[in-house]
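Please open the structure in a viewer and keep the sequence panel at hand. The tour below proceeds by selection, one stop after another.

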Amino acid sequence: MGKYSKSMFLKNKITHKVSVIFVLFSFTIVPNAFAQQMSEDGVKTLSQEQLDGFREQAIKTINDLEKFVQVIANKKNSLDKKNDAIELALDLFISDTTTIEISSLSSNKTHIYPIGGYLARLKLLPYLSVKITWYKIYLGTQFVKGPNGYYYGSATFLQKFEGRSNNEMGNYTDVTKRHIIIVLKKLDLLNGDSKTNKYVLKLGDIKVEETTHG
Amino acid sequence: MVKHLFLVFVAFFIFIDLGKGQITFGMDSIMLQRFDFEDKQIAEFFDRFNYKEPVKFANNLKSTRARNIIALINLKDTGLSHSPETLNFLNLVSNDSNEVHLGFYDENWYAISHCSFSYLNKNCLIDIILKPEAGLDSSYRWVIFDVKSDIFPAPTKANRNITFINPMDHEVGFSELSKALIKRNSIFQYTSDSYRADYLSAFLIMVKSGILKFNQINFVDFQFLQVKGWEFTVKNFNRSDYNSGWLISSIKKMTETEKHDYIKNHFMNNL
């Protein structure tokens, strides 16, 4: 946990909690549009080429997601527009049971929330604008096949959140390290008589490991 | 002695560079600098241990497998980093001819999830031991292997000649069974000599029935027993230091027989 002064923490207590939500979303790696081919029989470790492909997908997706987050968070946008963005953001996740774990600066206790609930709260935030700067991504080399046929890997991210407000909350900035499960879901694509297998990258549970003052 | 000094030498390079970062940059910059060096995931721990991912050392120190593995040790624990056992372990695993590699698909490694529960309106700690289990189709999943907690004490078999159900008690409808169940405290003493407590089943039933309410997972660490002749643990050191993340926190010599007994005694309640 980063080093905050107590007064700084009290001032940012509410804004921090809310900002974590923003940041978490920006970690999502989308990409129905970027399906990656993988071998059918038990991929255990991805090649460098495949990893590079997924990393590229991740970067593109994060950019897309940042746009969703900014739409959801911007006070100027209509409720309909925000709801559409939430729907698109939710589609990036493997299921509606996906959760986010959030650490609190006030205690060692962590909180786990469903992604849908957090997205819904995101639109109620009072920020005028949100800027998310993505610093680093580490994609683990292992993807392990689960009993459902999906492949599970993980990524670690470092990202800076900046929320701008013109009310008493003031501006808020933090840097957060978090881990996310990446799920490769197999799709059977039919092309005439032939069938090809492709894997689509979806997002799983998210854990925040460390948050410091940006 | 030479190797001992080498270990300290590497540690010096690791720590001195972070010191510079702390003076020059803010916290976010330190996180940024640390990100490449720290061991962020268990998958990364495997890759670095196997020298599949060479660590980028400070001050252009050349990466070798031995240095990679030194960087995976909690160097702030001088008892560990100065231990002859650590150096012997390092000699073994960093020598490529010994072909010591780690991987997710290995047998004999465990995750210990240190959890907080509420039991009878009081907070209690329970360690849930998990291990990867393979399916028939080469798929894997983590399974709950066992639980450890003070709420599951080892049953005492003392005073079995004092607390028992007398051999003719069936003639009176097992009146002493009623007494034993009401008294509760000595209930384990009424079981067969062959009885072994299965705390995992008890835990599962208590969770399912709601008697035991889950609060949170406090932290997770890992125990590796797959290196022949050795056992070591890996914990997450989340600190402002290049020597951080998933690091080896203890190393012990352990024969294969001792490992068998260890698993039986510590993870399986002598079942």
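A residue is called buried when its relative accessible area is under 20%, and exposed when that area is over 50%. The model shown here is predicted.

**First stop: a buried loop residue**

Select B:Q189, which lies in the loop of chain B between α7 (175-183) and α8 (199-209). Is this residue buried or exposed? Its relative accessible area is 11%, so B:Q189 is buried. Now add B:I162 to the selection. The two residues stand 27 residues apart in sequence, while their C-alpha atoms are 9.4 Å apart in space.

**Second stop: chain B as a whole**

Display chain B alone. Its secondary structure comprises 9 helices and 6 strands. Of its 271 residues, 45% count as buried. Among the contacts in chain B with a separation of 6 or more, 62% are between residues 24 or more positions apart.

**Third stop: helix α9 of chain B**

Select residues 256-267 of chain B, which form helix α9. At 1.5 Å a residue, these 12 residues should span 16 Å, and the end C-alpha atoms are indeed 16 Å apart, which agrees. Next, colour B:K259, B:Y262, B:I263 and B:F267, which are buried. They cover an arc of only 95° around the axis, and therefore sit on the same side of α9(B). An α-helix has 3.6 residues a turn, so residues three or four places apart point the same way. On the other side of α9(B), B:T257 and B:H260 are exposed.

What do the buried residues of α9(B) pack against? Show the strands β1 (109-119), β2 (122-134), β3 (140-149), β4 (212-224) and β5 (230-237) of chain B: these are their packing partners.

**Fourth stop: two loop residues with positive phi**

Most residues other than glycine have a negative phi. Two residues of chain B may be inspected with this in mind.

- Select B:N121, in the loop between β1 and β2 of chain B. B:N121 is not a glycine, yet its phi is positive, at about 65°. This residue is exposed, with a relative accessible area of 82%.
- Select B:F174, in the loop between β3 and α7 of chain B. B:F174 has a positive phi of about 55°, although it is not a glycine. Its relative accessibility of 40% makes B:F174 partly exposed.

**Fifth stop: helix α3 of chain A**

Move to chain A and select residues 79-90, helix α3. The 12 residues of α3(A) should span 16 Å at 1.5 Å a residue, in agreement with the 16 Å between its end C-alpha atoms. Highlight A:K82, A:A85, A:I86 and A:A89, the buried residues of this helix. Viewed down the axis of α3(A), they fall within an arc of 105°, so they line one face of the helix. On the other side of α3(A), A:D80 and A:E87 are exposed.

**Last stop: the pairing of α3 and α4 in chain A**

Keep α3(A) visible and add helix α4 (residues 115-122) of chain A. How do these two helices cross? Their axes come within 10 Å and cross at roughly 155°. Angles over 145 degrees count as roughly antiparallel, and α3(A) and α4(A) are therefore roughly antiparallel to each other. The crossing of α3(A) and α4(A) is right-handed. To see where they meet, display the side chains at the contact: A:I86, A:A89 and A:L90 from α3(A) meet A:I115, A:G116, A:L119 and A:A120 from α4(A).

Terms used
Residues are numbered from 1 along each chain as its sequence is written. Chains are lettered from A and ligands numbered from 1 in the order in which they are written. This is a predicted model: local features need pLDDT of at least 70, side-chain atom pairs count only at pLDDT 80 or more; totals for chains, interfaces and linings use all residues. Side-chain values use heavy atoms; hydrogens and water are left out. Helices (H or I, at least four residues) and strands (E, at least two) are DSSP runs, numbered from the N terminus. The expected span of a helix is 1.5 Å times one less than its number of residues. Buried means under 20% relative accessible area, exposed over 50%, partly exposed in between (1.4 Å probe, protein chains only). The arc is that of the directions from the helix axis to the C-beta atoms. Contact means heavy atoms within 4.5 Å. Axes are lines fitted to C-alpha atoms, for helices over the stretch in contact, and angles run from 0 to 180 degrees between N-to-C directions. Angles under 35 degrees count as roughly parallel, over 145 as roughly antiparallel, 65 to 115 as roughly perpendicular and the rest as oblique. A crossing is left-handed if the near helix is turned anticlockwise from the far one by less than a right angle, and right-handed if clockwise.
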